[in-house]
Amino acid sequence: LPALFGAAGNLAKGFMYYCCWPCVCDTHDFIRVDTKTITTADGPKAYRFAVIGNPCENPAALDEPFVQPFDRRRTTLAREAAEV
């Protein structure tokens with residue numbers, strides 16, 4: 001997956017398990033890898049996490065229509081994920 005750390009175009013390797021959403025295509029398009037340093041009993045340790053961007057940075061995008069790939073209907077994120 002594309003990484004949010006290091007040089008532009010940097011990729012991170014790891015494992016991702018799927019059951020339903022996000023699908024593999026969504027993973028590649030929307031999920032990035034970021035790091036977080038956690039203080040452990042053995043001292044600070046950097047971990048990598050799969051992250052999805054913050055929808056609050058562009059709230060108007062929640063109302064942009066798109067075609068749902070599973071049933072080909074037109075919808076918006078505001079309709080499909082109202083909790084966001």
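## Thr76 and its surroundings

In this predicted model, Thr76 is buried, with a relative accessible area of 13%, and its place is in the loop between strand 4 and helix 2, the latter covering residues 77-80. Because the cut-off for a buried residue is under 20% relative accessible area, Thr76 with its 13% is counted as buried. A polar atom of the Thr76 side chain lies 3.1 Å from the backbone nitrogen of Arg79.

When residues up to four places away in sequence are not counted, Thr76 touches Leu62, Asp63, Glu64, Pro65 and Phe66. One of these residues, Asp63, belongs to the loop between strand 2 and strand 3, and Asp63 is exposed, with a relative accessible area of 52%. If neighbours within four places in sequence are left aside, Asp63 is in contact with Thr76 and Ala78. Asp63 and Leu77 are 14 residues apart in sequence, and their C-alpha atoms are 6.4 Å apart in space.

## Thr75 in strand 4

Thr75 lies in strand 4, which consists of residues 74-75, and this threonine is buried, with a relative accessible area of 1%. The side chain of Thr75 makes a polar contact with the side chain of Glu80 at 2.7 Å, and another with the side chain of Arg79 at 3.4 Å.

Leaving aside its neighbours within four places in sequence, Thr75 is in contact with Glu64, Pro65, Phe66, Gln68 and Glu80. Glu80 therefore appears among the contacts of Thr75, is a polar partner of its side chain, and is partly exposed, with a relative accessible area of 33%.

## The salt bridges

The structure holds 2 salt bridges. In one of them Arg73 pairs with Asp71, with the closest N and O atoms 2.7 Å apart, and in the other Glu80 pairs with Arg73, with the closest N and O atoms 2.8 Å apart. Turning to accessibility, Arg73 counts as partly exposed at 34%, and Asp71 is partly exposed as well, with a relative accessible area of 42%. Salt bridges that share partners join Asp71, Arg73 and Glu80 into one network.

Between Asp71 and Arg73 in the numbering comes Arg72, which lies in the loop between strand 3, residues 66-67, and strand 4. Arg72 is exposed, with a relative accessible area of 59%, and its phi angle is near 60°, a positive value in a residue other than glycine.

## Ala78 and Asp29 in the two helices

Ala78 is found in helix 2 and counts as partly exposed, at 31% relative accessibility. Not counting residues up to four places away in sequence, Ala78 touches Leu62 and Asp63. The C-alpha atoms of Ala78 and Tyr17 are separated by 26 Å, the two residues being 61 residues apart along the chain.

Asp29 has its place in helix 1, which spans residues 24-30, and Asp29 is partly exposed, with a relative accessible area of 47%. Asp29 and Tyr17 are 12 residues apart along the chain, and their C-alpha atoms are separated by 16 Å.

## The second largest pocket

About 230 Å³ of space lies in the second largest pocket. The residues that line this pocket are Leu1, Ala12, Lys13, Gly14, Phe15, Met16, Tyr18, Thr27, Val33, Arg48, Phe49 and Ala50.

Strand 2, made up of residues 43-52, gives the most to the lining of the second largest pocket, with 3 residues. By chemical character, the lining residues divide into 8 nonpolar, 2 polar and 2 charged. Among the residues named in the lining are Lys13 and Arg48, and both count as charged because Asp, Glu, Lys and Arg are the residues placed in that group.

Terms used: Residues numbered from 1 in each chain as written. Predicted model: local features only at pLDDT ≥ 70, side-chain atom pairs only at ≥ 80, totals over all residues. Heavy atoms only, no water. Salt bridge = Lys/Arg side-chain N within 4 Å of Asp/Glu carboxyl O. Buried < 20%, exposed > 50% of the residue type's maximum accessible area, 1.4 Å probe, protein only. Helix = DSSP H or I, 4+ residues; strand = E, 2+ residues; numbered from the N terminus. Polar contact = N/O pair within 3.5 Å; in protein donor to acceptor, adjacent residues only side chain to side chain. Contact = heavy atoms within 4.5 Å. 1 Å grid on protein atoms, 1.4 Å probe; cavity = no way out; pocket = protein on both sides within 12 Å on 5 of 7 lines; lining within 4 Å. Points joined across faces, edges and corners; volume = space filled by probe spheres on them.
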